[in-house]
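Me: I have a chain open here and some questions about it. Can we go through them one at a time?

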Amino acid sequence: MPPLPSLDFKDIQYKLSTQLRPWQRSLQFWVRAVDIYAGYKVFQVRVSFVKDVQKQEAMWEMQHELAADKIYAMCSDLGGFFLKVAQVIGKPDLAPTAWVRRLVTLCDRAPATPFNTVQFVLEKELGQSIGEMFERFDADPLGSASIAQVHRARLKGDKTDVAVKVQHPGVQELMMTDIRNLQAFALYMQNTDIKFDLYSVTKEMEKQIGYEFDFVREANAMERIRHFLYENNKKSPVSVPRVLKNMVTRRVLVMEYVDGIPILNLGDEIAKRGINPGGKIATTAKQNILKSLTLAYGQMILKSGFFHADPHPGNILICKGSEVALLDYGQVKDLPDSLRLGYANLVVAMADNDPIKASESYRELGIGTLSKCENELQELLKLAQTMFDTKLPPGVVILQPFTEDSSIKKIAVEAFPEELFSVLRTVHLLRGLSVGLGINYSCAEQWRPIAEEALYEAGRLKETELKTRVRKRRLLRRLLRKGSD
């Protein structure tokens, strides 16, 4: 009889804790999510008995502050996927101000992996020791996000620095658990409170985040977008880091180091230099930053269909001369031509304020709506502009998409193509940035010429119509210039 295998208590303990972690995370999520949701439902009943509008607003602010602390604690404690959730909802155009103040600080604040673990992963993936590869390697990371962290280093025999991206071990299984919990919560919410196909949104997030664990795919995407932007412009509207092709594996990515400040720190940097934040210099710099980002995304989405799809402020650096660098290509989206051109149609409809064309574009894109309100076409156009344009209505400084008088309450979105969620995120990033920078503008108006060109090249817009549209815009610009003189 062969001897029984010896039992290693530490090994058993480790395996048991590994198996239990997804269950523990699920329990933590549901306890906290139910607490936040129930708090709002109870509050809605309580505030309904208060007739004074100012008192209601003060009560809502206190409720948002309370919820913001709880949401921050959940996202911070659980980390991983919930940091991405914080990035999605913590924007000044969408969430309550109290939420934004708390959640905006979570960009790139994931717990760092210890340096000895980073060294082990790096040397295993690249097949050499750190000393053999690098002249210098900073043990403290530049930033740690939900999937990976980045270190600054210098290669042997080189004079310029590189950024080394290393994946957190074991992160994939936990993030997939988080997403499935959120999907279940999304199903409940869309069946009770929010008339929007949230489940399809979370399914697209699951697909996109799944791609982020393959750094070889990310490197290829980065090179493809870099080549496209540099080929289609005399000067690329945004900088894309170069990849060191012989130093890329599934879990390690070495690329050009970009020197700049995070866009979230732009206000502090302006103040540090003694520049008036409301003056001409600061305003011009902010306008240039928005113009660069808007042009880059318009070209990627409407001309190529292949675009950077993780556009949160932690991935945007401001370099010398207000130049913009776009980082982190783990999430990219490749829109099929049918959706790319359907969205081009919607952009033109929004810029033209054409409700009939907006309705046609919705059907073409496969966005299913149900409405019982009056002025359905106008509400559909307003819904399109709320979802897919950056411009805020006159006098509005923050959108409240789920208030009773909002279009999304009047028109239920029963079906939403998963692949359009990345476009939606991009528009909401640009709107959030414009609100944060104090500049109200329409990305649909900025993208209209690009959309028209895409439709013309696809044979869906006649040359005579394109020329007529261009002439009208030139005439309008001349009239506006004369009016300002």
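Me: Which side chain does Glu125 join in a polar contact, and at what distance?
Reply: The side chain of Thr249, at 2.6 Å. Keep in mind that this is a predicted model.

Me: Where is Glu125, and what else does Glu125 touch?
Reply: Glu125 is in helix α5, residues 115-126. Leaving out residues up to four places away in sequence, Glu125 touches Thr249, Arg250, Arg251 and Val252. The C-alpha atoms of Glu125 and Arg251 are 7.2 Å apart, with their positions 126 residues apart in sequence.

Me: Is Glu125 buried or partly exposed?
Reply: Partly exposed, because its relative accessibility is 23% and the cut-off for buried is under 20%.

Me: OK, confidence. What is the mean pLDDT of the chain?
Reply: The mean is 86, and 89% of the residues reach 70 or more. By element, strand β7 (residues 252-256) has the highest mean, 98, and helix α15 (residues 407-410) the lowest, 66. Over residues 13-17 the pLDDT is below 50, and that stretch has zero contacts in the model beyond near neighbours in sequence. Where pLDDT is low, the predicted coordinates should not be read in detail.

Me: How many helices and strands are there?
Reply: The chain has 18 helices and 14 strands. Of its 485 residues, 50% are buried. The accessible surface is about 24,900 Å², with 55% of that belonging to carbon and sulfur atoms.

Me: And what share of the contacts join residues at least 24 apart?
Reply: 69%, counted among contacts between residues at least 6 apart in sequence.

Me: Switching to β4. How many of its residues are buried?
Reply: Seven of the seven residues of β4 (residues 161-167) are buried, so the strand is largely enclosed by the rest of the structure.

Me: Which way do the side chains go?
Reply: Asp161, Ala163, Lys165 and Gln167 point one way, while Val162, Val164 and Val166 point the other way. In a regular strand the side chains alternate between the two faces of the sheet.

Me: What does β4 pair with?
Reply: Strand β3 (residues 148-155) runs antiparallel to β4, joined by seven bridges, and β7 is also antiparallel to β4, with five bridges. Ala163 has a bridge partner towards each: Arg152 in β3 and Met255 in β7.

Me: What about the β3-β4 hairpin, how many residues sit between the strands?
Reply: Five, and Gly157 in that hairpin takes a positive phi near 75 degrees.

Me: Which non-glycine residues have a positive phi?
Reply: Asp328 is one of them, at about 65 degrees, and Asn353 is another, at about 55 degrees. Asp328 lies in the loop between β11 and β12 (332-334). Asn353 lies in the loop between α12 (337-352) and α13 (355-365).

Me: Back to Lys165. Which side chain does Lys165 join in a polar contact?
Reply: The side chain of Glu218, at 3.0 Å. Glu218 is in helix α9, residues 215-231, and is buried, with a relative accessible area of 2%. Beyond four places in sequence, Glu218 touches Lys165, Leu253, Asp328, Tyr329 and Gly330. That list includes Asp328, the loop residue with the positive phi.

Me: There's a four-stranded sheet too. What is the strand order?
Reply: β5-β11-β10-β8, an open sheet with mixed pairing. β5 (238-239) and β8 (261-262) are at the edges with a single partner strand each, so one side of each has no neighbour in the sheet.

Me: How do β8 and β10 pair?
Reply: Antiparallel, over two bridges, with β10 covering residues 316-318. Pro262 has Leu317 in β10 as its bridge partner.

Me: Which helix lies across β5, β10 and β11?
Reply: Helix α11 (residues 280-304), running at about 40 degrees to β11 (324-326). Ile289 is in that helix and counts as buried at 1% relative accessibility.

Me: What does Ile289 touch?
Reply: Ile263, Leu266, Ile318, Ser322 and Val324, not counting residues up to four places away in sequence. For Val324, the C-alpha atoms are separated by 6.4 Å, and the two residues are 35 apart along the chain.

Conventions: Residues are numbered from 1 along each chain as its sequence is written. This is a predicted model: local features need pLDDT of at least 70, side-chain atom pairs count only at pLDDT 80 or more; totals for chains, interfaces and linings use all residues. Side-chain values use heavy atoms; hydrogens and water are left out. Two strands pair if DSSP finds at least two bridges between them. Contact means heavy atoms within 4.5 Å. Axes are lines fitted to C-alpha atoms, for helices over the stretch in contact, and angles run from 0 to 180 degrees between N-to-C directions. pLDDT is the predictor's confidence in each residue, from 0 to 100. Buried means under 20% relative accessible area, exposed over 50%, partly exposed in between (1.4 Å probe, protein chains only). A polar contact is a pair of N or O atoms within 3.5 Å; within protein, one must be able to donate a hydrogen and the other to accept it, and residues adjacent in sequence count only if both atoms are side-chain atoms. Accessible areas come from the Shrake-Rupley method with a 1.4 Å probe; for residues, only the protein chains shown count as cover.
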